[in-house]
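Morning, everyone. I have one structure to show you today. Let me put it on the screen.

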Amino acid sequence: MAVVACLALLVISGCGSGRSTTAAGTPTTYTCCDGEDVDTVYQPGQEMTVHWIVKSGTGPAAKPTHVELTARLTGPYGDVSELKNAAGGTARPALGEVTFEAQPVRPSGAAGERPVSVIPIAEDAPPGSYNLIFAVREDGGVIGGASVVRVAPKA
């Protein structure tokens with residue numbers, strides 16, 4: 001019976017090897033960000049550079065259309081636990097929330113392109129944990145995420 005079920009699965013799945021054979025190809029995709037971007041401890045007055053990771057597509061669909069990359073920092077939070085509670089809607093920053101935002105980036109999809117978002121951190125930014133919120137908007141859809149970034153007291 002198990003052999004029959006396995007054979008039926010192969011027939012249903014087209015007996016393929018797992019490789020896509022669509023003529024359309026795959027689109028270029030963008031994700032955030034280099035580990036060094038979030039592992040760095042920033043100082044007030046610095047700029048955070050978000051290096052977007054690009055996975056080039058193949059075939060005719062390789063060039064994206066209407067892609068917008070956004071990134072912002074919100075905080076500060078006393079620690080990562082407070083930040084996660086705030087992201088879940090159960091807490092607010094103790095000192096009042098501030099946001100530092102990069103200008104939206106609209107990549108062309110050209111081969112070798114390496115888009116970056118630059119977030120200016122204010123000179124008077126309070127120290128603490130900040131929520132790096134990033135998003136990729138493409139043709140009406142949005143995929144996003146978040147990471148923790150630390151801003152140290154001004155030296």
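I'll go through the sheet, then the largest pocket, then one glutamate. A caution before that: this is a predicted model.

Start with the sheet. It is open and has 5 strands. The order reads β2-β9-β8-β5-β6, and the pairing is mixed. Look at the edges. β2, residues 41–42, and β6, residues 98–101, each have a single partner strand, so one side of each has no neighbour in the sheet. Now β8 and β9. These two run antiparallel, with 11 bridges joining them. One pair to remember: V136 has I143 in β9 as its bridge partner.

Next, the largest pocket. Its space comes to about 190 Å³. The lining has 15 residues, and T29, Y30, V136, E138 and I143 are the closest to the centre. So which elements give two or more residues to that lining? They are β1 (29–31), β8 (128–138) and β9 (141–151). β9 gives the most, with 5 residues. By type, the lining splits into 8 nonpolar, 6 polar and 1 charged.

Last stop, E68. You'll find E68 in strand β5, which covers residues 67–77. Is E68 buried or exposed? Its relative accessible area is 19%, and the cut-off for buried is under 20%, so E68 counts as buried. What does its side chain meet? The side chains of E68 and R106 share a polar contact of 2.7 Å. Set aside neighbours within four places in sequence, and E68 is in contact with P104, V105, R106, A135, V136 and R137. V136 is back again, from the pocket lining.

That's the tour. Over to you.

Key:
Residues are numbered from 1 along each chain as its sequence is written. This is a predicted model: local features need pLDDT of at least 70, side-chain atom pairs count only at pLDDT 80 or more; totals for chains, interfaces and linings use all residues. Side-chain values use heavy atoms; hydrogens and water are left out. On a 1 Å grid over the protein atoms alone, a cavity is a set of points where a 1.4 Å probe fits but cannot get out, and a pocket is an open set with protein on both sides within 12 Å along at least five of seven lines; lining residues have an atom within 4 Å of a point. Grid points are joined across faces, edges and corners, and a volume is the space filled by probe spheres set on the points. Helices (H or I, at least four residues) and strands (E, at least two) are DSSP runs, numbered from the N terminus. Ala, Val, Leu, Ile, Met, Phe, Trp, Tyr, Cys and Pro count as nonpolar, Asp, Glu, Lys and Arg as charged, and the others, Gly among them, as polar. Buried means under 20% relative accessible area, exposed over 50%, partly exposed in between (1.4 Å probe, protein chains only). A polar contact is a pair of N or O atoms within 3.5 Å; within protein, one must be able to donate a hydrogen and the other to accept it, and residues adjacent in sequence count only if both atoms are side-chain atoms. Contact means heavy atoms within 4.5 Å. Two strands pair if DSSP finds at least two bridges between them.
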